[in-house]
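Colleague: Could you walk me through this one? I would like to hear what stands behind the words you use.

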Amino acid sequence: MVWFDAMKLLLVEDDPAMRTTLLRALTRLGWAVDLCADGSAALAQWQQTRPDVVLLDLSLPGLDGLHVLAQARASGLSTPVLILTARGTVGDRILGLNAGADDYLPKPFDLDELEARVRALLRRSENSAELASSPRGMDLFSYDKDSGAVYHQGQVLDLPPRELALLRALLARPGHAVSKERLFELVFPDAIDVQFEAVEVVVYRLRKKLLPTGATLMTLRGLGYLLKTG
């Protein structure tokens, strides 16, 4: 797991003033930041350092941001990318997202929003990595990482988004309890003013819906929740 305070960013920005402002803001958060001012150098740095998140301007000298992104994705680099650019039209956003960007923040932007979006990208990246590296099935269940669907004996489980997120989190840790704190992060990644106890409500609902499958969602005092399938 990559902790937010130890996060490493690659900032690709050719404007010196913007680059300095962002560097100061991001390092104040305790994040390590590598800087690049042109596309070719950015691609080489990206391949070499493998950052946790890339902040990418589109208007770069030499190789522009879209080409950097397309080449990175073609070479297998899956790092989350947040595009930062003055190109704010819908067409430009679509081009960036189609090229492989994960999010888009037009300039000028608020630094608090930038921080929130970076944290959200890292959370999604961690969740995907956990699920992709987990076993595809736990006797009764299988998980399709491309669609996000969970199957029970070949049939798609029709669950609301939060209950599905909870089940995926448990499937990612077969045979292990998952803490309530971790489940809250995964089930409510971007929620505001959500009470911590909301996890218990989602657990209760999922437990009831799993009864026909033969799986048991166990509460382990002091440890969290464990999905038992046999």
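Colleague: What share of the 230 residues is buried, and what makes a residue count as buried?

Modeller: Buried residues are 44% of the 230 in the protein; the word means under 20% relative accessible area, with a 1.4 Å probe and protein chains only. This is a predicted model, where local features need pLDDT of at least 70 and side-chain atom pairs count only at pLDDT 80 or more, while totals for chains, interfaces and linings use all residues. Residues are numbered from 1 along each chain as its sequence is written, and side-chain values use heavy atoms, with hydrogens and water left out.

Colleague: Which residues of α3 are buried, and why do you say that they line one face of the helix?

Modeller: In α3, residues 65-74, they are Gly 65, Leu 66, Val 68, Leu 69 and Ala 72. Down the helix axis they fall within an arc of 160°, so they line one face of α3; the arc is taken from the directions from the helix axis to the C-beta atoms.

Colleague: What makes the pair Asp 64 and Leu 66 a polar contact?

Modeller: A side-chain oxygen of Asp 64 comes to within 3.2 Å of the backbone nitrogen of Leu 66, at the start of α3. The definition asks for N or O atoms within 3.5 Å, one able to donate a hydrogen and the other to accept it, so this pair qualifies.

Colleague: How do you know that β9 and β10 pair?

Modeller: DSSP must find at least two bridges between two strands, and β9 (residues 216-220) and β10 (residues 224-228) have five, in the antiparallel sense. Leu 217 stands opposite Leu 227 in β10. The two strands form a hairpin with three residues between them, and Gly 222 in the turn has a positive phi of about 85°.

Definitions and conventions
Buried < 20%, exposed > 50% of the residue type's maximum accessible area, 1.4 Å probe, protein only. Helix = DSSP H or I, 4+ residues; strand = E, 2+ residues; numbered from the N terminus.
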